[in-house]
Amino acid sequence: MHSHKGKLVTNGGHHRISFIPASGLFEGKELNDMFQMDDSRQCLQLAVAFAGGATTTSFNEEVGGVHEVWQRIESYWGT
């Protein structure tokens, strides 16, 4: 699913997100996903259904896709 460019559409109220990659295996195909952030807004979960697959409706179900968790971390570069 790697693409350096594409179109991203969010519907924050319903925790839905769509991504259309500009290159790669799914170029030009809409990937329908869902997301949620923890209360601290430091951890983001994404459930991404592959193009043409069933739309994800829960973070617990297993459909043809990917479940990712991203966490914001701070990096301190000392001298």
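Buried, on this tour, means under 20% relative accessible area. With that cut-off, buried residues make up 20% of the 79 residues in the protein. The model in your viewer is predicted, so please read every number below as computed from it.

**Stop 1: the whole chain**

Start with a cartoon view of everything. You should find zero helices and five strands, and reading along the sequence gives the pattern β-β-β-β-β. Now switch on the surface. The protein exposes about 6100 Å², with carbon and sulfur atoms supplying 52% of that area. If you like contact maps, consider the contacts between residues at least 6 apart in sequence: 19% of them join residues at least 24 apart.

**Stop 2: the sheet**

Colour the strands one by one. In what order do the five strands form the open sheet? The order is β1-β2-β3-β4-β5, and the pairing is antiparallel. At the edges sit β1 (6–11) and β5 (65–71), each of which pairs on one side only. From one strand to the next, the twist averages 20 degrees.

**Stop 3: β1, β2 and a buried serine**

Select β1 and β2 together. Six bridges hold this antiparallel pair, and within it V9 stands opposite S18 of β2.

Stay on S18 and show its side chain. Is S18 buried or exposed? S18 is buried, because its relative accessible area of 13% falls under the 20% cut-off. The S18 side chain makes a polar contact of 3.1 Å with the side chain of E30. Leaving out residues up to four places away in sequence, S18 touches K7, L8, V9, E30, L31 and N32.

**Stop 4: from β2 across to β3**

Next, select 16–21 for β2 and 31–37 for β3. Four bridges join these two strands, which run antiparallel. For a landmark, pick R16, which stands opposite M34 in β3.

The loop between β2 and β3 holds L25. Here is a leucine to show as sticks: L25 counts as exposed because its relative accessible area is 71%, over the 50% cut-off. Add A51 to the selection and draw a C-alpha to C-alpha distance: L25 and A51 are 9.9 Å apart in space and 26 residues apart in sequence.

**Stop 5: the β3–β4 hairpin**

Move on to β3 and β4, which form a hairpin with five residues between them. The two strands run antiparallel and are joined by five bridges; one position to click is D33, whose bridge partner in β4 is V48.

Now zoom in on the turn and select R41, in the loop between β3 and β4. What is the phi of R41? It is positive, at about 60 degrees, although R41 is not a glycine. Most residues other than glycine have a negative phi. R41 is also exposed, because its relative accessible area is 54%, over the 50% cut-off.

**Stop 6: the nonpolar core**

Show I17, F26, L31, F35, L44, L46 and V48 as spheres: these seven residues are the largest nonpolar core. β3 and β4 each supply at least two residues of this core, and β4 gives the most, with three residues. Keep β4 in view for a moment, as this strand is mostly covered: six of its seven residues are buried.

**Stop 7: β4 against β5**

Select residues 43–49, which are β4, and add β5. Seven bridges join the two strands, which run antiparallel. Among the paired positions, A49 has G65 as its bridge partner in β5, and L46 stands opposite E68 in β5.

L46 is worth a closer look, since you have already met this residue in the core. Which residues does L46 touch, not counting those up to four places away in sequence? The list is M34, F35, F59, V66, H67, E68 and W70.

**Stop 8: the loop between β4 and β5**

Finish at G53, in the loop between β4 and β5. This glycine is partly exposed, because its relative accessible area is 40%, between the 20% and 50% cut-offs. For a last distance, add N32: G53 and N32 are 21 residues apart in sequence, with their C-alpha atoms 9.0 Å apart in space.

How values were computed. Residues numbered from 1 in each chain as written. Predicted model: local features only at pLDDT ≥ 70, side-chain atom pairs only at ≥ 80, totals over all residues. Heavy atoms only, no water. Pairing = 2+ DSSP bridges. Axes fitted to C-alpha atoms, helices over the stretch in contact; angles between N-to-C directions. Buried < 20%, exposed > 50% of the residue type's maximum accessible area, 1.4 Å probe, protein only. Contact = heavy atoms within 4.5 Å. Areas by Shrake-Rupley, 256 points an atom, 1.4 Å probe, with all protein chains shown as cover. Polar contact = N/O pair within 3.5 Å; in protein donor to acceptor, adjacent residues only side chain to side chain. Core = buried A, V, L, I, M, F, W, Y, C linked by side-chain atoms within 4.5 Å.
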